[in-house]
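Let's take a walk through this structure together, one charged side chain at a time. Have the view open and follow along.

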Amino acid sequence: MAAIVGRSPREVFAARIARDLTQVRLLGVPEVPSGLPSDLLERRPDIRQVEAQLAAASLRIDAARAQYFPSLSLTASYGSESAALANLFSTPALAWGIGASLLQPLIGLKAIEANVEAETARREAAVVSYTQTVQSAFRETRDALIANRSTRDALAAQTERAQKLKASLELAELRYRSGYSGYIDVLDAQRQLLQAQTLQILAARDVRFALIDLAKAMGGGWDYLMPH
């Protein structure tokens with residue numbers, strides 16, 4: 001048996017469970033710092049996308065509104081008014097309609113107005129989409145933080161159980177060496193401790209999964225943002 005497990009006969013007889021650095025690494029999980037700002041959520045790709053859509057919608061409204069304004073020269077020589085500006089107000093019949101190259105004709109004003117209204121409606125839809133996306137980001141972050149807390153509580157419980165079973169194993173070994181119990185009690189204590197340590201490692205794995213979901217919800221990690 002000693003040759004199979006690669007340990008000395010004394011180590012096998014002593015029935016001590018090897019605890020190496022691998023187990024320590026498996027149980028180590030990063031901590032989530034307190035005071036993380038909600039600005040971190042702005043890194044999320046979906047929020048960046050709806051922000052860009054909202055900005056584009058605002059620019060389209062500005063472009064549509066700009067069509068209301070005639071494109072002409074205001075001044076002539078020596079700072080006087082230009083002929084185009086004078087003609088703009090010459091007669092009611094010609095107002096806002098002195099040529100397609102300079103102004104939108106009167107019949108086009110309704111089309112401009114409809115275009116502005118359409119772009120405004122699109123912007124309002126973009127605002128709704130932006131609001132819903134932000135709400136979803138905060139909801140996902142909250143759910144991830146709740147999962148982080150619950151998985152850490154489970155890990156703490158499994159760690160406490162493993163520590164108690166380790167103490168039980170030490171007691172079983174002491175009773176065996178003192179002749180108060182048989183070796184079967186030691187083996188049973190070993191089995192329970194190994195089972196608890198396995199569950200402890202699985203609980204640490206669940207914490208890491210929760211951290212991955214949290215980083216995803218926040219649009220990235222936080223270590224490089226925190227002061228050292």
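Which residues are linked with R44 in a network of salt bridges? They are D46 and E140. Keep in mind that this is a predicted model. In it, the salt bridges come to a count of nine.

Another of these pairs is E119 with R60, whose closest N and O atoms are 3.1 Å apart. E119 sits in helix 6 and R60 in helix 4 (residues 45-66), so this pair ties together parts that are 59 residues apart in sequence. E119 counts as buried because its relative accessibility is 10%, whereas R60, at 37%, is partly exposed. E119 also meets the side chain of R122 in a salt bridge, at 3.0 Å from N to O. Here both partners belong to helix 6, three residues apart, or about one turn of the helix. R122 is partly exposed, with 44% relative accessibility.

Stay on helix 6 (residues 106-177) and move to R152. With a relative accessibility of 10%, R152 counts as buried. Its side chain reaches the backbone oxygen of P30 at 2.3 Å, and a polar contact of 2.9 Å joins it to the side chain of N148. The residues that R152 touches include V29, E31, V207 and L211.

Now look at R208, in helix 7 (residues 183-218). R208 is partly exposed at 27% relative accessibility, and its contacts include R25, G28 and V29. From R208 to P30 the C-alpha distance is 8.0 Å, although 178 residues separate them in sequence. Finally, D206 forms a salt bridge with R205, with 3.1 Å between the closest N and O atoms.

Terms used:
Residues numbered from 1 in each chain as written. Predicted model: local features only at pLDDT ≥ 70, side-chain atom pairs only at ≥ 80, totals over all residues. Heavy atoms only, no water. Helix = DSSP H or I, 4+ residues; strand = E, 2+ residues; numbered from the N terminus. Buried < 20%, exposed > 50% of the residue type's maximum accessible area, 1.4 Å probe, protein only. Polar contact = N/O pair within 3.5 Å; in protein donor to acceptor, adjacent residues only side chain to side chain. Contact = heavy atoms within 4.5 Å. Salt bridge = Lys/Arg side-chain N within 4 Å of Asp/Glu carboxyl O. Lists of a residue's contacts leave out its neighbours within four places in sequence.
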